[in-house]
Amino acid sequence: MKLLLSKAMKRRLLLALLFIASWSQAAAQDTPEKQDRPKNKWYAPDYLVAQHAGLIGILAAGVGYDFGRHDRTNVELMYGFTPNYGIKNTTHTFTTRLYYQSHPKPLVGDFKISWIRAGAGISMTIGEQFETFFPKKYPRGYYIWPTATRILPFVGTAVGRDFKGKTRPLYGEFYGEIGSADVLIIDKYRNSGIAVTDILNLAIGLRLKI
């Protein structure tokens with residue numbers, strides 16, 4: 001499920017993300033020393049996440065783990081659903097996402113910004129209109145893999161701030177992403193008449209580090 005945007009709006013969003021990325025070097029100046037948050041037990045999630053759209057369901061939620069240098073690498077396990085809007089049945093999407101998110105930098109007041117978050121996810125959608133195996137009704141080679149499986153690259157940015165918690169500070173953030181899917185990228189490659197903005201989608205979400 002993706003948000004319906006005009007071509008002009010998609011172009012503006014794409015230009016805005018490119019502009020934000022170009023500021024990353026300038027924003028690195030006067031940045032305070034990076035400090036890692038205390039780690040949870042190895043089995044406990046580092047944060048909770050909820051997302052609207054982005055081809056993983058009209059609403060998706062899950063847990064995430066961060067690791068690597070200053071915990072900048074993230075893995076998320078999410079479940080999303082799209083209710084019955086005239087299609088045969090509600091679809092259920094299970095997604096694993098891996099991405100890098102830059103260290104938060106001061107923005108305004110107590111707010112901080114992570115200029116870049118980029119990665120990809122792989123999803124499996126369960127629904128009557130999705131095929132777990134190669135559908136026989138399409139010619140050989142029409143699909144690279146079954147229609148229920150999708151690879152979902154994305155790039156975005158996030159704004160957040162610290163909040164007081166019972167035992168330690170919490171960090172909440174709002175993020176936005178522009179993404180696509182393997183099948184859309186392949187369609188664009190096969191058909192030059194498809195505009196780049198037609199294969200993009202917008203997602204928004206919330207993340208709470210616990």
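Here are a few friendly notes on this predicted model, covering two backbone angles, a run of paired strands and the enclosed cavities.

1. **A backbone angle at A53.** Let's begin with A53, where phi is near 70°, a positive value in a residue that is not glycine. Most residues other than glycine have a negative phi, so this spot may catch your eye as you page through the backbone. A53 sits in strand β1, which covers residues 47-53. Is A53 buried or exposed? With a relative accessibility of 1%, A53 counts as buried, because the cut-off for that label is under 20%.

2. **A second positive phi, at L55.** L55 also has a positive phi without being a glycine, with a value near 65°. This residue belongs to the loop between β1 and β2 (59-67). The relative accessible area of L55 is 23%, so L55 is classed as partly exposed.

3. **The two faces of β4.** Strand β4 spans residues 91-101, and its side chains alternate between two faces. On one face, T91, T93, T95, R97, Y99 and Q101 are buried. H92, F94, T96, L98 and Y100 point to the other face and are not buried. If you colour the strand by accessibility, this is the pattern to look for.

4. **The neighbours of β4.** Which strands does β4 pair with? One is β3 (residues 73-82), which runs antiparallel to β4 and is joined to it by ten bridges. Within that pairing, G80 has T93 of β4 as its bridge partner. Another is β6 (residues 112-126), again antiparallel and again over ten bridges. There, Y99 is bridged to G119 of β6. Both T93 and Y99 are on the buried face of β4 described above.

5. **Enclosed space.** How many cavities of 30 Å³ or more does the model hold? The count is three, and the largest has a volume of about 80 Å³. Its lining is made up of Q51, G54, I56, R97, L152, P153, F154, E177, G179, S180, N201 and A203. The elements that each give two or more residues to this lining are β7 (149-163), β8 (170-179) and β9 (201-209). β7 provides the largest share, with three residues.

6. **What the cavity lining is like.** By residue class, the lining of the largest cavity divides into five nonpolar, five polar and two charged residues. One of the lining residues, R97, ties this point back to β4, where R97 belongs to the buried face.

Conventions: Residues are numbered from 1 along each chain as its sequence is written. Side-chain values use heavy atoms; hydrogens and water are left out. Helices (H or I, at least four residues) and strands (E, at least two) are DSSP runs, numbered from the N terminus. Buried means under 20% relative accessible area, exposed over 50%, partly exposed in between (1.4 Å probe, protein chains only). Two strands pair if DSSP finds at least two bridges between them. On a 1 Å grid over the protein atoms alone, a cavity is a set of points where a 1.4 Å probe fits but cannot get out, and a pocket is an open set with protein on both sides within 12 Å along at least five of seven lines; lining residues have an atom within 4 Å of a point. Grid points are joined across faces, edges and corners, and a volume is the space filled by probe spheres set on the points. Ala, Val, Leu, Ile, Met, Phe, Trp, Tyr, Cys and Pro count as nonpolar, Asp, Glu, Lys and Arg as charged, and the others, Gly among them, as polar.
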